[in-house]
Amino acid sequence: MSRLVIVSNRVADLRSSSQSGGLAVGLADALRARGGIWFGWDGTISDGPAAPALDDIGPVRTIAAPLTPADYDEYYVGFANSVLWPLFHYRLDLVDYRAEFHDGYMRVNARLAETLRPELRADDVIWVHDYHLIPFAACLRARGCRQRIGFFLHIPFPPPDLLTATPNHGALIEALLEYDVVGFQTSGDAANLKRYLSEQLCREVRDDGRVDKGGRSVLVERFPIGIDVAAFAEMARQPSSEVELDTLRQRILGRKQIIGVDRLDYSKGLPERLTAFERLLTRHPELERAVSLLQIAPPTREDVSAYPAIRKELEGMTGSINGRFADINWTPVRYIHRAVPRERLASLFRASQVGLVTPLRDGMNLVAKEYVAAQDPDDPGVLVLSQFAGAAEELQEALIVNPYDADDVADRLHEALTMPRDERRDRHTALYDRILRQDAQAWLERFLARLDEVGDAPAGSGAARPEPLPAEAARRPNHSS
Ligand code: GDG
């Protein structure tokens, strides 16, 4: 079997025993089984020229490269997180496009490709992750690499009308066609790329999701990401004494808990969520002292200008709701702006009667799946889920809400808090079955199977293995801007 090469913005620490996310664990297992490389940024910023750090752990080599201060400003904070992140989350109002950001993005992708190239073997299978690295395959191809290369986008992919609002969109999307497999979280995301390809680039997308490009074919498909359900459920069954004590207290007081867990990001709909919770208390005064919202929102990307604003807004709203409703032994909103250990998170999910997941736009949202995995099947809580989370495509037995509509969210919260046990069980059984069938391992195996198939593309679709590109391909002028 070919070696696997994972390329992602950050390299996971494969030596750490506290390796948390199921995704990193799944990818690390696949790497250990096939042998290979995990390549990306080491998370540091280095002034001078610094060689990437190599670490060999059995059959797996990690290669972690630093960024310069200009790279960090222009590539990471700039193009990736001040242009692509807001654009792909349908937030044109927050896009801060600057030519130097785009230059930095292309420069860093090219340099990373140059760093990885000598490490590659001819039959490696390369899997590139996320919006930081869209041009990575084009940069490798420009350096003569003909390996199979797949790309998975973890975040949403916007409709053509939004995409065309940013300069350089033509070159960016053409670069996606240098991959052999392009994977999205939902069918809506995949459809948006297909529409862009046919409307903007006049490319025909066949019914099987294949697009011809330079005598080969590129597969565009939906690969909904999952979690390690069994491991998370097991974690949830072992509460720390701290969580047990809190649960006991809530039970004695006859109080229910709604939980939200999100990086403090404007895409997660946190102010709208607080408004909906306030609406719930206003419309149902009988819930005063009977329900509280635990919102865990660890800080993230604080160097990006839009983030301090959302933090301030949330702190102001929490203070205002608590000031209005709290009394001596009841705080309606408990807001934690720090990361909580994963084990504690799992048991907090299990101790909460409602999981409130209301992003304004989200690629998938793993918290929704974690909440389902953590429940006691005999007495499960209820998931209230935004229609704009990718997870809503699968998790239809959740209470699906429009996060912009505070009345709708408040009504569904009330329904969740008063739902009979039989209905909760039925919904949970169906949801659990779905997350189990589409877990992290299934996602990984299906994507890698598609990538391994490259070269066996159906007759008439042209040779799937890419032809080497002329060196200038990566600098191709923009199509339509
Ligand atoms: C991107 C896409 C897509 C959160 N707070 C704490 C903590 N977390 C963990 C959650 C969950 C993960 O972080 C967040 O995953 P999400 O999927 O909810 O969201 P993003 O970070 O935006 O991830 C998203 C995902 O990629 C995967 O493809 O689903 O749409 O935006 O696992 O539990 N973990 C700990 N402490 C915290 O305080 N330990």
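Biologist: Which domains does the assignment give for the protein chain?

Modeller: Domain 1 (4–226 + 439–474) and domain 2 (229–437); the bounds come from an automatic or database domain assignment. Keep in mind that this is a predicted model, where local features need pLDDT of at least 70, side-chain atom pairs count only at pLDDT 80 or more, and totals for chains, interfaces and linings use all residues. Residues are numbered from 1 along each chain as its sequence is written, and side-chain values use heavy atoms, with hydrogens and water left out.

Biologist: How many residues of domain 1 are in contact with domain 2?

Modeller: 28 residues of domain 1 are in contact with 24 residues of domain 2, contact being heavy atoms within 4.5 Å. The C-alpha centres of domain 1 and domain 2, meanwhile, are 32 Å apart.

Biologist: Why do you say that the ligand lies between domain 1 and domain 2?

Modeller: Both domain 1 and domain 2 give residues to the shell around the ligand, so the ligand lies between them. The shell holds 21 residues, and the closest are His154, Val340, Asp362, Leu366 and Glu370. A residue gets in if one of its heavy atoms lies within 4 Å of the ligand.

Biologist: Which helices each supply at least two residues of that shell?

Modeller: α12 (342–350) and α13 (366–374), with α13 giving the largest share, 3 residues. Those labels are DSSP runs numbered from the N terminus: helices are H or I with at least four residues, strands are E with at least two.

Biologist: How do the shell residues divide into nonpolar, polar and charged?

Modeller: There are 12 nonpolar, 4 polar and 5 charged residues. In this scheme Ala, Val, Leu, Ile, Met, Phe, Trp, Tyr, Cys and Pro count as nonpolar, Asp, Glu, Lys and Arg as charged, and the others, Gly among them, as polar.

Biologist: What puts a polar side-chain atom of Arg263 in polar contact with the ligand?

Modeller: The distance to a ligand oxygen is 2.8 Å. A polar contact is a pair of N or O atoms within 3.5 Å; within protein, one must be able to donate a hydrogen and the other to accept it, and residues adjacent in sequence count only if both atoms are side-chain atoms. Lys268 also makes the cut, with a side-chain N or O atom 3.0 Å from a ligand oxygen. For Gly363 the polar atom belongs to the backbone, and it too sits 3.0 Å from an oxygen of the ligand. On its own, the ligand has 730 Å² of accessible area, and the protein covers 84% of that. Such areas come from the Shrake-Rupley method with a 1.4 Å probe, and for residues only the protein chains shown count as cover.

Biologist: Why is His129 called buried?

Modeller: Its relative accessibility is 4%, so it counts as buried. The scale calls residues buried under 20% relative accessible area, exposed over 50% and partly exposed in between, using a 1.4 Å probe and protein chains only. His129 lies in strand β5 (residues 125–129), and its side chain makes a 3.0 Å polar contact with that of His154.

Biologist: What makes the phi of Asp130 worth a remark?

Modeller: Phi is near 80° there, a positive value in a residue other than glycine. Most residues other than glycine have a negative phi. Asp130 is in the loop between β5 and α4 (136–142), and its 12% relative accessible area makes it buried. Arg289 has a positive phi as well, near 70°; at 39% relative accessible area, Arg289 is partly exposed.

Biologist: And why is His337 called buried?

Modeller: Its relative accessible area is 17%, so it is buried. You'll find His337 in the loop between β12 (333–336) and α12. Its side chain has polar contacts of 3.4 Å with the side chains of Arg311 and Tyr335.

Biologist: How do you know that Ile227 is buried?

Modeller: A relative accessible area of 5% makes Ile227 buried. Ile227 sits in the loop between β9 (216–222) and α8 (229–236). Not counting residues up to four places away in sequence, Ile227 touches residues including Leu366 and Glu370, which are also among the closest to the ligand.
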